[in-house]
Amino acid sequence: MIYFDNSATTKIAPAVLTTYEQVSNKVWGNPSSLHDLGEQAYGLLEQSRQQIADLLGVQADEIYFTSGGTEGDNWVIKGTAIEKHVYGKHIIASSIEHPAVLNSLAQLEKLGFEVTYLPVDQTGHVSPVDLAKAIRSDTILVSIMAVNNEVGAIQPQLAIAEILQKYPKIHYHIDAVQGIGKGIQSMIMNDRVDFVTFSGHKFHAPRGIGIMYKRRGRKIAPLMSGGGQEKNLRSGTENLPAIAAMARALRLLKENETEKVQQQAAIKKYLHDQLIKYPKVTMFSQVDQTFAPHILCFTIDGVRGETIVHAFEAQQIYISTTSACSSKKHVISGTLHAMKIPEKIATSAIRVSLDENNTMAEAHQFMQVFDQLYHRFAKINS
């Protein structure tokens, strides 16, 4: 079995699962309880928070735990809107954000907020010039993802950060779900960013756990009200086994990160260079520094994406049609639409996404199967 769908989710690492099981069995007190079991749980909670902060190069009191990327995105966007609506109701985002961002913005638009959706070029990148032009006196938030989840375009965050230095009152959010462990942490955790969201299941942690970084001094309204956990900003009894497991997963992810990124980039380049030899392949991802090392999006023209996915599945090779969140809805890629790719081509889009466990041998096997399928589809179409 070859798993090339790591942007959808990753397999929990064995060591991470061990941590989850041990904490579940041995540290099961509520961190808010006053007795010894509660103190033990609280100590592990704060130890995990500190470890994650150290790995991200921030302070422990800037780390908040969520249920994942979707909650984190919703919290930043809606929490900013609630907190800052008296100062303005204008938000800027790219037109290719994850649905967690786009759907949150759509809800705010129904409540009277105004959103400027920045266009992207044919490679899927926003223009810092367009961002600068879009800023208004009533702008309260700029939300631009680190890495597009469909084609892998890395957005120009350092240029965006430089522009926003002139506007210190605007909240600056990066959805970094696809960017963690991909060699771009210094760009993501830049000196100007205020909020960054991560999802544990994208880096071999359990599902249902995530991280939100909030810069000291930035104010945001809570969406979860209750017992006052997470400094009264995200109430709810903490999922301690998942938090401890995620801390371990992040530590493992960051070990030898450069070598892991180089390995993924080499596999991606091999696949890219082989695939573009086929006349009916249209490639949307590139292999330069403006694209992530793990995502490759392309089509076999004239063959629907879900047909290709199931054909590979029959050979025990698992890929996806662009975003996993929309693949079962049979809609064309929002990113490719924003890139002005014709619908006839966009409906054929598929995504290969790698992680550090994938090998060049798997890539060679993938290409052998691809060659067989390509020629089979060509015969059917002819």
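What share of the contacts in the protein chain with a separation of 6 or more comes from residues 24 or more positions apart? The figure is 73%. Keep in mind that this is a predicted model.

**Overall picture**

Start with the fold as a whole. The protein chain carries 15 helices and 12 strands. Its radius of gyration is 21 Å, and since a compact globule of 382 residues would come out near 21 Å, the two agree. Along the principal axes, the C-alpha atoms fill a box of roughly 70 × 50 × 35 Å.

On the surface side, about 16700 Å² is exposed, with carbon and sulfur atoms supplying 52% of that area. As for burial, 57% of the 382 residues count as buried.

**Charges and salt bridges**

The protein chain has 38 positive and 37 negative charges, and the mean positions of the two sets sit 3 Å apart. Side chains of opposite charge can pair when their charged atoms come close. Here, the structure holds 14 salt bridges. Three of them are listed below, with the N to O distance for each.

| Salt bridge | N to O distance |
|---|---|
| D61 and R216 | 3.0 Å |
| D194 and R215 | 3.5 Å |
| D194 and R218 | 2.8 Å |

Take D61 and R216, whose side chains meet at 3.0 Å. This pair links distant parts of the chain: D61 belongs to the loop between α2 (36-56) and β2 (63-66), R216 to the loop between β8 (210-214) and α8 (229-232), and 155 residues separate them. D61 counts as partly exposed because its relative accessibility is 34%.

Now for D194. Is D194 buried or exposed? At 1% relative accessibility, D194 counts as buried. One of its partners is R215, with N and O 3.5 Å apart. D194 lies in the loop between α7 (185-188) and β7 (195-199), while R215 lies in the loop between β8 and α8, so this salt bridge ties together parts that are 21 residues apart in sequence. R215 has a relative accessible area of 23%, so it is partly exposed.

R218 also forms a salt bridge with D194, the closest N and O atoms being 2.8 Å apart. Again the pair links distant parts of the chain, from the loop between β8 and α8 (R218) to the loop between α7 and β7 (D194), 24 residues apart. R218 counts as buried, because its relative accessibility of 16% is under the 20% cut-off.

Which residues make up the network of salt bridges around here? R192, D194, R215 and R218 are linked in it.

Terms used
Residues numbered from 1 in each chain as written. Predicted model: local features only at pLDDT ≥ 70, side-chain atom pairs only at ≥ 80, totals over all residues. Heavy atoms only, no water. Helix = DSSP H or I, 4+ residues; strand = E, 2+ residues; numbered from the N terminus. Rg over C-alpha atoms; globule rule 2.2 N^0.38 Å. Buried < 20%, exposed > 50% of the residue type's maximum accessible area, 1.4 Å probe, protein only. Contact = heavy atoms within 4.5 Å. Areas by Shrake-Rupley, 256 points an atom, 1.4 Å probe, with all protein chains shown as cover. Lys, Arg positive; Asp, Glu negative; His and termini not counted. Charge placed at Lys NZ, Arg CZ, Asp CG, Glu CD. Salt bridge = Lys/Arg side-chain N within 4 Å of Asp/Glu carboxyl O.
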